Amino acid sequence: MGISRDSRHKRRNTGGKRVSIKKKRKYDFGRQPTFTKIGEKRVRIVRTRGGHYKTRALRLETGNFSWATEAIARKCRIIQVVYNSTNNELVRTNTLVKGSIVTIDATPFRQWYFTRYGVDLASDDPLKVPILPKDQVPKPNPPREKKPPKPKKEKPAAGAKKTGTKPAKKDPKDKKEKKEKKD
């Protein structure tokens with residue numbers, strides 16, 4: 001049979017059966033779900049219509065996660081799937097899908113936070129600032145320098161005529177004269 005992404009096989013809103021007026025088409029077909037698990041990275045390449053390619057992750061162990069309030073992103077290790085609004089089966093089997101909530105190893109974020117603010121989030125009392133020698137005190141990241149604005153090109157006023165000369169049209173008689181000189 002095959003997996004089809006059309007809606008012709010579904011019933012009407014009233015519940016009545018819909019008569020299919022055409023067969024399945026190549027652009028309707030779908031593929032089996034991947035059911036990505038947590039583990040050593042294993043990715044497969046799938047050829048799609050038009051000769052393009054998609055990647056299918058069979059197993060993943062890391063991902064790029066962002067800390068929105070601090071506006072940073074770091075590559076972190078995925079530990080487990082905690083919640084999935086779609087299906088509890090996906091939580092039990094540790095299946096990674098879009099929108100699933102996972103636990104991660106937050107070490108990269110803790111290291112960044114310590115270098116930025118000098119606060120160790122892993123300690124029992126993170127608000128207690130450690131007393132470090134001056135040479136070991138982390139320096140906050142300096143603000144990025146803004147690039148100078150590019151000079152804007154002056155546009156001619158609306159309705160103004162362009163100034164410039166058009167090249168003169170070539171006279172067909174000149175070509176005949178040149179041919180006669182060559183002979």
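Which strands do the buried residues of H2 pack against? The answer takes in three of them: strand E4 (62-67), strand E5 (72-83) and strand E7 (101-104). Keep in mind that this is a predicted model.

**Helix H2 and its sheet**

Let's start with the helix. H2 covers residues 107-117, and its buried residues are Phe109, Trp112 and Tyr113. Look down the axis of H2 and these buried residues fall within an arc of 100°, so they line one face of the helix. Right after H2 comes Gly118, which has a positive phi near 75°.

Now for what sits on the other side of that contact. E4, E5 and E7 make an open sheet of three strands, in the order E4-E5-E7, and the pairing is antiparallel. E4 and E7 are the edge strands, each with a single partner strand, so each has one side left without a neighbour in the sheet. On average, neighbouring strands here are turned by 65° against each other, if you ignore direction. E4 and E5 run antiparallel and are joined by six bridges; as a landmark, Ser66 stands opposite Ala73 in E5. H2 packs on this sheet, touching E4, E5 and E7, and its direction makes about 140° with that of E5.

**Aromatic rings on the helix**

There's a good deal of aromatic contact to look at. The count of aromatic pairs comes to six. Take Trp67 and Phe109: their ring centres are 5.9 Å apart and their planes stand at 85°, so this pair is edge-to-face. The pair links distant parts of the chain, with Trp67 in strand E4 and Phe109 in helix H2, 42 residues apart. Are the two partners buried or exposed? Trp67 counts as partly exposed, at 25% relative accessibility, whereas Phe109 is buried, with a relative accessible area of 8%. Both belong to one aromatic cluster, together with Trp112, Tyr113 and Tyr117.

**Strands E1, E2 and E3**

Earlier in the chain, have a look at E3 (residues 53-60), which pairs with strand E1 (residues 36-38) in the parallel sense over two bridges. Ile38 has Leu60 in E3 as its bridge partner. E3 also pairs with strand E2 (residues 42-47), this time in the antiparallel sense and over six bridges. Here Val43 stands opposite Ala57 in E3. The hairpin of E2 and E3 has five residues between the strands, and Gly50 in that hairpin takes a positive phi near 85°. As background, strands of a sheet pair through backbone hydrogen bonds, either parallel or antiparallel.

**Positive phi without a glycine**

Which residues other than glycine have a positive phi? Phe35 and Asn94 are two to check, with phi near 55° for Phe35 and about 55° for Asn94. Phe35 is in the segment before E1, while Asn94 lies in the loop between helix H1 (88-92) and strand E6 (95-96). Here they are side by side, with their accessibility.

| Residue | Phi | Relative accessibility | Class |
|---|---|---|---|
| Phe35 | near 55° | 46% | partly exposed |
| Asn94 | about 55° | 26% | partly exposed |

Definitions and conventions
Residues are numbered from 1 along each chain as its sequence is written. This is a predicted model: local features need pLDDT of at least 70, side-chain atom pairs count only at pLDDT 80 or more; totals for chains, interfaces and linings use all residues. Side-chain values use heavy atoms; hydrogens and water are left out. Two strands pair if DSSP finds at least two bridges between them. Helices (H or I, at least four residues) and strands (E, at least two) are DSSP runs, numbered from the N terminus. Buried means under 20% relative accessible area, exposed over 50%, partly exposed in between (1.4 Å probe, protein chains only). The arc is that of the directions from the helix axis to the C-beta atoms. Contact means heavy atoms within 4.5 Å. Axes are lines fitted to C-alpha atoms, for helices over the stretch in contact, and angles run from 0 to 180 degrees between N-to-C directions. Rings of Phe, Tyr and Trp (its six-membered ring) pair if their centres lie within 6.5 Å; planes under 30 degrees apart count as stacked, over 60 as edge-to-face and the rest as tilted.
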